[in-house]
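Welcome! Here is a short set of exercises for getting to know a new structure, each followed by a worked solution. Take a look at the sequence and the model before you start.

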Amino acid sequence: MKKWIITSCVGLVILVLALFIYAYTTVRTPLADGYDMAKEKVLNEDLLQSVRDVSYYHGEDAFYVVYGTDQDGDQAIAWVSQDEENDPVTVFKESDGISIEDASSLTESAVNPSAIQSIKLGKEGNTPLYEVKYRTESNQQGYYYVAFQDGSFIKRFSLNND
């Protein structure tokens, strides 16, 4: 009887783990396919010569942000809409915009966060931007958005803990 209970518990744990892995891969597959689509698009359209990384941003619209090298050998960034038919790809040299460090400094001077959790590139409308995710002293989650090109303030909001 004891062996039967142990075998059943182990089998149940294996089944739950297998279902979790299946669900995770099923959910992640479209995102991975989108990374490949964005990479192929910028390479096939000669917008970038090589790609070193791809990230995902979902604000008002979803974008893949592709980091690479342009035809001049300069570091460049391309914003590829998830809805690729309705939005042209936007490409800028990294030197045409502010750095991650600048985005962090602008956020720190504006909101004085207790910690900056992440900074990523995205796009709202036609404006490439940095989304800075931070925590306040009261442990609220906050978001601060600055324009990629000149660091101008776009918007900010915070989430309550209640």
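The exercises below go from the whole chain to single residues, and the model they use is a predicted one.

**Exercise 1. The overall plan**

Task: Find how many helices and strands the protein chain has, and in what order its elements run.

Solution:
- Step 1. Start with the count: the protein chain has two helices and eight strands.
- Step 2. Now walk from the N terminus: the order of the elements is α-β-β-β-β-α-β-β-β-β.
- Step 3. Turn to the dimensions. The C-alpha trace spans about 70 × 45 × 30 Å along its principal axes.
- Step 4. Set the radius of gyration beside the globule rule: the protein chain has 21 Å, while a compact globule of 162 residues would have a value near 15 Å.
- Step 5. Finish with burial: 34% of the 162 residues count as buried.

**Exercise 2. A sheet of four strands**

Task: Work out in which order the four strands of the open sheet lie, and which of them are the edge strands.

Solution:
- Step 1. The order in the open sheet is β1-β2-β3-β4, with antiparallel pairing.
- Step 2. An edge strand pairs on one side only, and this applies to β1 (50-58) and β4 (90-93).
- Step 3. From one strand to the next, the twist averages 20°.
- Step 4. A reminder of what holds such strands side by side: strands of a sheet pair through backbone hydrogen bonds, either parallel or antiparallel.

**Exercise 3. The neighbours of β3**

Task: Describe how β3 is joined to β2 and to β4, and say how many of the residues of β3 are buried.

Solution:
- Step 1. On the β2 side, seven bridges join residues 62-69 of β2 to residues 75-81 of β3, and the two strands run antiparallel.
- Step 2. Look at individual partners. T69 has Q75 in β3 as its bridge partner, and V65 stands opposite W79 of β3.
- Step 3. Follow the turn. The hairpin of β2 and β3 has five residues between the strands, and G73 there takes a positive phi near 85°.
- Step 4. On the β4 side, β3 pairs in the antiparallel sense over four bridges. Here I77 stands opposite F92 in β4.
- Step 5. Check the covering: six of the seven residues of β3 are buried, so this strand is mostly covered.

**Exercise 4. Aromatic rings**

Task: State how many aromatic pairs the structure holds, then explain why the pair of Y56 and Y64 counts as tilted.

Solution:
- Step 1. The structure holds nine aromatic pairs.
- Step 2. For Y56 and Y64, the ring centres are 5.2 Å apart and the planes stand at 55°, so this pair is tilted.
- Step 3. Add the surroundings: Y56 is partly exposed at 22% relative accessible area, whereas Y64 is buried at 2%.
- Step 4. Try the same reading on Y144 and F153. Their centres lie 5.3 Å apart and their planes are at 45°, so this pair is tilted.
- Step 5. Y144 is buried, with a relative accessible area of 8%, while F153 is partly exposed at 48%.
- Step 6. Look for a group of rings: W79, F92, Y130 and F148 are linked into a cluster by ring pairs.
- Step 7. One more ring has a charged neighbour: K155 lies over the face of Y145, 5.0 Å from the ring centre.

**Exercise 5. Positive phi in two loops**

Task: Locate D46 and N139 in their loops, and decide whether each is exposed or partly exposed.

Solution:
- Step 1. Recall the background: most residues other than glycine have a negative phi.
- Step 2. D46 is not a glycine, yet has a positive phi of about 55°. D46 lies in the loop between α1 (2-44) and β1.
- Step 3. With a relative accessible area of 54%, D46 is exposed, since the cut-off for exposed is over 50%.
- Step 4. N139 is not a glycine either, and has a positive phi of about 65°. The loop that holds N139 runs between β6 (127-135) and β7 (141-147).
- Step 5. N139 has a relative accessible area of 46%, so N139 is partly exposed.

Notes. Residues numbered from 1 in each chain as written. Predicted model: local features only at pLDDT ≥ 70, side-chain atom pairs only at ≥ 80, totals over all residues. Heavy atoms only, no water. Phe/Tyr/Trp six-rings, centres within 6.5 Å; stacked < 30°, edge-to-face > 60°. Buried < 20%, exposed > 50% of the residue type's maximum accessible area, 1.4 Å probe, protein only. Lys NZ or Arg CZ within 6 Å of the ring centre and 35° of its normal. Pairing = 2+ DSSP bridges. Axes fitted to C-alpha atoms, helices over the stretch in contact; angles between N-to-C directions. Rg over C-alpha atoms; globule rule 2.2 N^0.38 Å.
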